[in-house]
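This report covers the arrangement of secondary structure in one protein chain and the protein surfaces next to two DNA strands. The sequence and model come first.

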Protein chains: 2
Amino acid sequence: MTVIEGDSGKISEFTVRRLSGYYRILADLERNGVHTISSSKLADMGNITSAQVRKDLSYFGTFGTRGLGYGVSDLKKAIQNILGLTRDWSMALFGAGYLGHALFFHRGFREDGFVFRHIFDSDLEKVGTVWGELAIEQEKNAAEALRASPVDIGVIATPAAAAQEIVDLAVASDVRGILNFAPTEVSVPDGVWLRVVNLAVAFESLSFYLSQ
Amino acid sequence: MTVIEGDSGKISEFTVRRLSGYYRILADLERNGVHTISSSKLADMGNITSAQVRKDLSYFGTFGTRGLGYGVSDLKKAIQNILGLTRDWSMALFGAGYLGHALFFHRGFREDGFVFRHIFDSDLEKVGTVWGELAIEQEKNAAEALRASPVDIGVIATPAAAAQEIVDLAVASDVRGILNFAPTEVSVPDGVWLRVVNLAVAFESLSFYLSQ
DNA sequence: TAGATTGTTAATCGATTAACAATC
DNA sequence: TAGATTGTTAATCGATTAACAATC
């Protein structure tokens, strides 16, 4: 388990993922005009326990009122702040295939502050094609393009074989984080954060349980 | 943590996800002509410990030879069997948007035995459009279509607002598993397996660590 | 005030790792 | 045989949950 050292000790990735869940639920509640919520109601909506909710929040401060619960908008803002969603993150997409296309056009990322600034692909046929308002650039010019206009995050949606090379390129271009959607293990140096989304794992894990 | 009761006790989802990782690594090794591998080499390739590899495998039997390690092809076949990848799984895709498109055309799923048999969408503009060799069907005819031609797994790639309703429809049509890609919590009755892939969680968790 | 609910501590549960006898 | 490596047990580590005093 990857952990980070913060003011309040070590925060596990389990906690961070649940915070992301609370954030979405709170946004839904706010949209529906709900003003306060208890840890047990929040827990029910996220299929966990109320103790877990309170414990997760306790790593970052005190956000509730005993006897009353949490203010929906206040807690949502607090979590938004904890997750670093009060600022924009600029991103470069590597790989303009089906998955890259889905990520690029996925609503919600942009609203959350995740903004694509570059799209790179090695296929010259694709170079120049415009997605939204962004033209696909030549992958081999990526280092130069990223020097002129750097990004925080590299999103890897290339085939497995190309992934490590592209990660290295992104790292050399000073990205601080990598989101890897390619179905292969990649490594990054210390100081660069890595998140992995492996679709095959989800399918295969379901297959396992269905087979039992 | 979801667990299942098996012959050898309870298998945690952590173990299943790692098995999926071993499987991919072994497939790569086999493709590269490697014949044997030790638990520690396999561990290095997956960024875990050799004890973890041996422990995971021990839940299902003994697959190695002391002093020598594991036969790559044999272990790959054994894991393929454990994960239920020796048979085909038929699937219905709900939601023919960007993400559905990416999932449908993703190479590798089909090779793994995951085959889409239906595509449903509520947008009448899309109905009739052919993807690969499959025409998009009207979502409101899904129950009927699935009665005529049932599937094992429902893949949910609809907007959040529609997800629970579609899950209920899929469950009523006797799917045994749900893969939820919609950014919302959904619930399924006992006896139906649920896996969740939430892309926003990956982005937001990266944002958290980058903010520290 | 009485009821509700937080924040936090201590207990429990389960996952990971270390260690080593078995054995190729 | 000696070296290597498995399979498994016991120890450790860390995450979750229960419990409850604090307090609105």
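## Helix packing in chain B

H2(B) and H3(B) are roughly perpendicular to each other, because angles of 65 to 115 degrees are counted that way, with those under 35 degrees roughly parallel, those over 145 roughly antiparallel and the rest oblique. The helices, H2 of residues 39–46 and H3 of residues 50–58, pack at about 105 degrees with their axes 7 Å apart. Axes are lines fitted to C-alpha atoms, for helices over the stretch in contact, and angles run from 0 to 180 degrees between N-to-C directions. Helices (H or I, at least four residues) and strands (E, at least two) are DSSP runs, numbered from the N terminus.

On the H2(B) side, B:Ser39, B:Ser40, B:Leu42 and B:Ala43 take part, meeting B:Ser50, B:Val53 and B:Arg54 in H3(B); contact means heavy atoms within 4.5 Å. By class, this contact has three nonpolar, three polar and one charged residues. Ala, Val, Leu, Ile, Met, Phe, Trp, Tyr, Cys and Pro count as nonpolar, Asp, Glu, Lys and Arg as charged, and the others, Gly among them, as polar.

## Basis of the model

The model is predicted: local features need pLDDT of at least 70, side-chain atom pairs count only at pLDDT 80 or more, and totals for chains, interfaces and linings use all residues. Residues are numbered from 1 along each chain as its sequence is written, chains are lettered from A and ligands numbered from 1 in the order in which they are written, and side-chain values use heavy atoms, with hydrogens and water left out.

## Sheet in chain B

Chain B has an open sheet of three strands in the order E3-E5-E4, with antiparallel pairing. Strand E3 (36–37) and strand E4 (64–65) of chain B are at the edges with a single partner strand each, so one side of each has no neighbour in the sheet. Two strands pair if DSSP finds at least two bridges between them; E4(B) and E5(B), the latter of residues 69–71, are joined by two bridges. B:Thr65 is opposite B:Gly69 in E5(B). Helix H4 (residues 72–82) of chain B lies across E3 and E5 of that chain, at about 75 degrees to E5(B).

## Surface near DNA strand D

There are 25 residues around DNA strand D, and A:Arg18, A:Arg66, B:Ser39, B:Arg54 and B:Gly64 come nearest; a residue is near a strand if one of its heavy atoms lies within 4 Å of it. The surface divides into six nonpolar, twelve polar and seven charged residues. H3(A) supplies the largest share, four residues. Of the strand D atoms within 4 Å of the protein, 61% belong to sugar or phosphate and the rest to bases.

Polar contacts are pairs of N or O atoms within 3.5 Å. Phosphate oxygens of strand D lie 2.5 Å from a side-chain N or O atom of B:Ser39, 2.9 Å from one of B:Tyr70 and 3.2 Å from a polar side-chain atom of A:Thr49.

## Surface near DNA strand C

Of the 25 residues around DNA strand C, the nearest are A:Ser39, A:Arg54, A:Tyr70, B:Arg18 and B:Arg66. Sugar and phosphate make up 64% of the strand C atoms that come within 4 Å of the protein. H3(B) gives the most to this surface, with four residues.

A:Arg54 has a side-chain N or O atom 2.8 Å from a base nitrogen of strand C. Phosphate oxygens of strand C are 2.9 Å from a backbone N or O atom of A:Gly64 and 2.9 Å from a side-chain N or O atom of B:Arg18.

Conventions: A polar contact is a pair of N or O atoms within 3.5 Å; within protein, one must be able to donate a hydrogen and the other to accept it, and residues adjacent in sequence count only if both atoms are side-chain atoms.
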